[in-house]
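Have a look at the fold below before reading on. We'll go through it piece by piece.

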Amino acid sequence: PAQRHRLALMAMIVAAWPQPLSRDRAIAMLWPERDEANGRRLLNLAVHVLRAALGEEAIASTGDGLLFNPSHVHCDLHDLRAAIAAGEAERVAQLYTGPLLDGFHLAESAEFGYWVEQRRSELAHAYIGALLALAERQERAGDVHAWVGTGLRLVAADPHSGVHARALMRALDAAGDRAAAIQHASDHA
């Protein structure tokens with residue numbers, strides 16, 4: 001259980017970057033059932049263990065906050081968030097590999113569950129937006145094979161979307177595979 005809290009804490013610290021994560025917020029989200037003194041002790045222990053594993057410079061203390069230091073630790077979540085912020089659609093599509101902390105939960109913290117679901121939704125939305133931008137570029141450039149590949153990724157990301165299904169059918173038709181476009185329409189229906 002302690003390891004799960006450390007993973008959750010690291011995700012929260014990275015997601016807060018470039019702002020520090022308030023220690024009080026971390027305690028309230030990760031150890032809601034603990035009193036302030038025990039929560040602070042558990043937080044300090046978790047930070048100590050993370051620093052021992054990742055290096056002292058990985059997490060800086062800033063007043064009453066904890067700040068991720070991306071120059072000392074490589075983190076895929078940080079890279080993905082930076083690509084989203086920079087509007088780098090191709091990099092976002094490359095870096096997004098699925099839901100944040102997929103299958104991970106803290107049974108004793110409903111608030112952390114809400115927090116992680118919100119982050120998952122934000123990242124998935126950014127991923128779909130990046131795929132839509134790529135598909136549009138590929139369609140304009142006439143790169144039908146890449147367009148079909150991106151259409152397949154869109155449909156996989158949101159299989160119930162009629163918009164994505166139609167986009168894939170258009171790409172398949174443009175690539176000369178009308179039968180596959182019709183088959184996908186049937187599958188989607």
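What follows is a walk from the chain's early turns, through its helices and core, to its later helices.

Keep in mind that this is a predicted model. Start at the loop between helix H1 (2–16) and strand S1 (21–22), which is where Pro-18 sits. The peptide bond joining Trp-17 to Pro-18 is cis, with omega at about 15 degrees.

Just past that comes helix H2, covering residues 23–30, with Asp-24 in it. At the start of H2, Ser-22 puts a side-chain oxygen within 3.2 Å of the backbone nitrogen of Asp-24. Is Asp-24 itself buried, partly exposed or exposed? Its relative accessible area is 42%, so Asp-24 is partly exposed, given that buried means under 20% and exposed over 50%. Setting aside residues up to four places away in sequence, Asp-24 touches Arg-40 and Asp-64. Now look across to Arg-178, 154 residues away along the chain: the C-alpha atoms of Asp-24 and Arg-178 are 58 Å apart. Other parts of H2 are tucked away, with Arg-23, Ala-26, Ile-27, Met-29 and Leu-30 buried.

Helix H3 is next, running over residues 36–54. Its 19 residues reach 26 Å from first C-alpha to last, close to the 27 Å expected at 1.5 Å a residue. The N-terminal end of H3 is capped by Asp-35, which has a side-chain oxygen 3.2 Å from the backbone nitrogen of Ala-37. After H3 comes Gly-55, with a positive phi near 110 degrees.

Which residues of H3 are buried? They are Gly-39, Leu-42, Leu-43, Ala-46, Val-47, Leu-50 and Arg-51. It helps to recall the geometry here: an α-helix has 3.6 residues a turn, so residues three or four places apart point the same way.

Arg-51 deserves a stop of its own. At 17% relative accessibility, this H3 residue counts as buried, because the cut-off for buried is under 20%. The Arg-51 side chain reaches the backbone oxygen of Ile-59 at 2.8 Å. Beyond its neighbours within four places in sequence, Arg-51 is in contact with Glu-56, Ile-59, Ala-60, Ser-61 and Leu-66.

Now zoom out to the core. The largest nonpolar core has 55 residues, and those with the most contacts inside it are Leu-9, Leu-30, Leu-43, Phe-112 and Trp-115. Helix H6 gives this core its largest share, ten residues. Take Phe-112: leaving out residues up to four places away in sequence, it touches Ala-8, Met-12, Met-29, Leu-30, Leu-101, Phe-104 and Leu-106.

One of those partners, Leu-101, lies in the loop between H5 and H6. Leu-101 has a positive phi of about 50 degrees although it is not a glycine. Its relative accessibility is 23%, so Leu-101 counts as partly exposed.

On to the rings. Phe-112 joins Phe-104 and Trp-115 in one aromatic cluster. Over the face of Phe-104 lies Arg-4, at 4.3 Å from the ring centre.

How many aromatic pairs does the structure hold? There are three. One of them is Tyr-96 with Tyr-127, a stacked pair at 4.4 Å centre to centre and 20 degrees between the planes. Tyr-96 lies in the loop between helix H5 (89–95) and helix H6 (110–141), while Tyr-127 is in H6, so the pair ties together parts that are 31 residues apart in sequence. Both tyrosines, Tyr-96 and Tyr-127, are buried.

Two later helices finish the tour. In helix H7 (residues 144–157) you'll find Thr-150, which is buried, with a relative accessible area of 5%. Apart from neighbours within four places in sequence, Thr-150 is in contact with Leu-131, Leu-134, Ala-135 and Gln-138.

Helix H8 (residues 162–174) holds His-164. Is His-164 buried or exposed? At 7% relative accessibility, His-164 counts as buried. Not counting residues up to four places away in sequence, His-164 touches Ile-128, Leu-132, Leu-154, Val-155 and Asp-158.

How values were computed:
Residues are numbered from 1 along each chain as its sequence is written. This is a predicted model: local features need pLDDT of at least 70, side-chain atom pairs count only at pLDDT 80 or more; totals for chains, interfaces and linings use all residues. Side-chain values use heavy atoms; hydrogens and water are left out. Rings of Phe, Tyr and Trp (its six-membered ring) pair if their centres lie within 6.5 Å; planes under 30 degrees apart count as stacked, over 60 as edge-to-face and the rest as tilted. Helices (H or I, at least four residues) and strands (E, at least two) are DSSP runs, numbered from the N terminus. Buried means under 20% relative accessible area, exposed over 50%, partly exposed in between (1.4 Å probe, protein chains only). A charge sits over a ring if NZ of Lys or CZ of Arg is within 6 Å of the ring centre and within 35 degrees of the ring normal. The expected span of a helix is 1.5 Å times one less than its number of residues. A polar contact is a pair of N or O atoms within 3.5 Å; within protein, one must be able to donate a hydrogen and the other to accept it, and residues adjacent in sequence count only if both atoms are side-chain atoms. A nonpolar core is a set of buried Ala, Val, Leu, Ile, Met, Phe, Trp, Tyr and Cys residues joined through side-chain atoms within 4.5 Å. Contact means heavy atoms within 4.5 Å.
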